[in-house]
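Hi there,

Here is the structure I promised to pass on. Please have a look at it first, and then read on for my notes.

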Amino acid sequence: MKTEIYKSHLRGGADHGWLQTFHSFSFANFFDPERMGFGALRVLNDDSVAGGKGFGSHPHADMEIITYPLSGALQHADSLGNKATIKAGEVQIMSAGTGMVHSEMNADPSEPVKFLQIWITPHTKKVQPRYDQISLEQIEHKDGLQLLIAPKSENAPSWLHQDAWLYRGLLYAGQKIDYTLQNAENGVYIFVTSGALEIDEHPLGSRDAIAISQTKKFEIQSLSHSEFLIIEVPLS
């Protein structure tokens, strides 16, 4: 099994006043030729947006975009006519495809909103743009995991134009689970949103991550009450 550790303090990032952001991979003014993504996973940004501020209308194309709120709420609007509020406990999924314009603004005028922004490159370009939103409360837990997103052909709460899977993990201190890859040729990126894990004898704290490849199965042990994301993607 091959592993690479991404410590939280080694991420890129910027403080724009209204936006504090940390980049796991090269993005905007942060460029590291060794961190251009992990297979089809291109972006994982850890953002905090001040009250009343946000990302005004801007375009995307040929990208699968996932917004995962950690606290607070975002007000969404897009060129497809969708208007929605997405809050902690919900997940937003967009296929930009042939092109769409959207905005994401903090729904609270005074308190910050914190969220993860995840971009995955699609296996098919120029698809019809789409918007989806799911609730974590409505998704069953199985062995400490919730399957949130999968390829379109599978039975999952939402889907992507990519052979990729996204799970939310919730484990108590001392709990262990095995993760078996959907495809042994894929890789897995695990991002700890809170708590602490140990994988392949590597301790991981909050906002740390690990990239795993060249294996079919591995064990995850929780060192404290922990929440994390498992992102399995093609590596080529």
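A quick word on terms before the sheets: helices (H or I, at least four residues) and strands (E, at least two) are DSSP runs, numbered from the N terminus, and two strands pair if DSSP finds at least two bridges between them. This is a predicted model, in which local features need pLDDT of at least 70 and side-chain atom pairs count only at pLDDT 80 or more, while totals for chains, interfaces and linings use all residues. Residues are numbered from 1 along each chain as its sequence is written, and side-chain values use heavy atoms, with hydrogens and water left out.

Now to the mixed sheet. It is open and has seven strands, in the order β1-β20-β17-β22-β15-β13-β14. Its edges are β1 (2-6) and β14 (158-160); each has a single partner strand, so one side of each is left without a neighbour in the sheet. From one strand to the next, the twist averages 20° (axes are lines fitted to C-alpha atoms, for helices over the stretch in contact, and angles run from 0 to 180 degrees between N-to-C directions).

Within this sheet I followed β13, residues 145-151. With β14 it runs parallel, joined by three bridges; Ile149 stands opposite Ser158 and Ala150 opposite Trp159. With β15 (residues 165-171), β13 runs antiparallel over four bridges, and here Gln146 faces Arg168 as its opposite residue. Is β13 enclosed or not, and why? Six of its seven residues are buried, so β13 is largely enclosed by the rest of the structure. Buried means under 20% relative accessible area, exposed over 50%, and partly exposed in between (1.4 Å probe, protein chains only).

There is also an antiparallel sheet, again open and with seven strands, ordered β2-β3-β4-β11-β6-β9-β12. At its edges stand β2 (12-15) and β12 (130-135), each with a single partner strand, so one side of each lacks a neighbour in the sheet. The twist here averages 15° from one strand to the next. Strand β9 (residues 90-95) pairs with β12 through six bridges in the antiparallel sense, and Ser95 stands opposite Arg130.

One last residue to look at is Ser24, in the loop between β3 (19-23) and β4 (41-49). Its relative accessibility is 3%, so Ser24 counts as buried. Leaving aside residues up to four places away in sequence, Ser24 touches Tyr6, Arg11, Arg35, Leu44, Tyr189 and Phe191, where contact means heavy atoms within 4.5 Å.

Happy browsing, and all the best!
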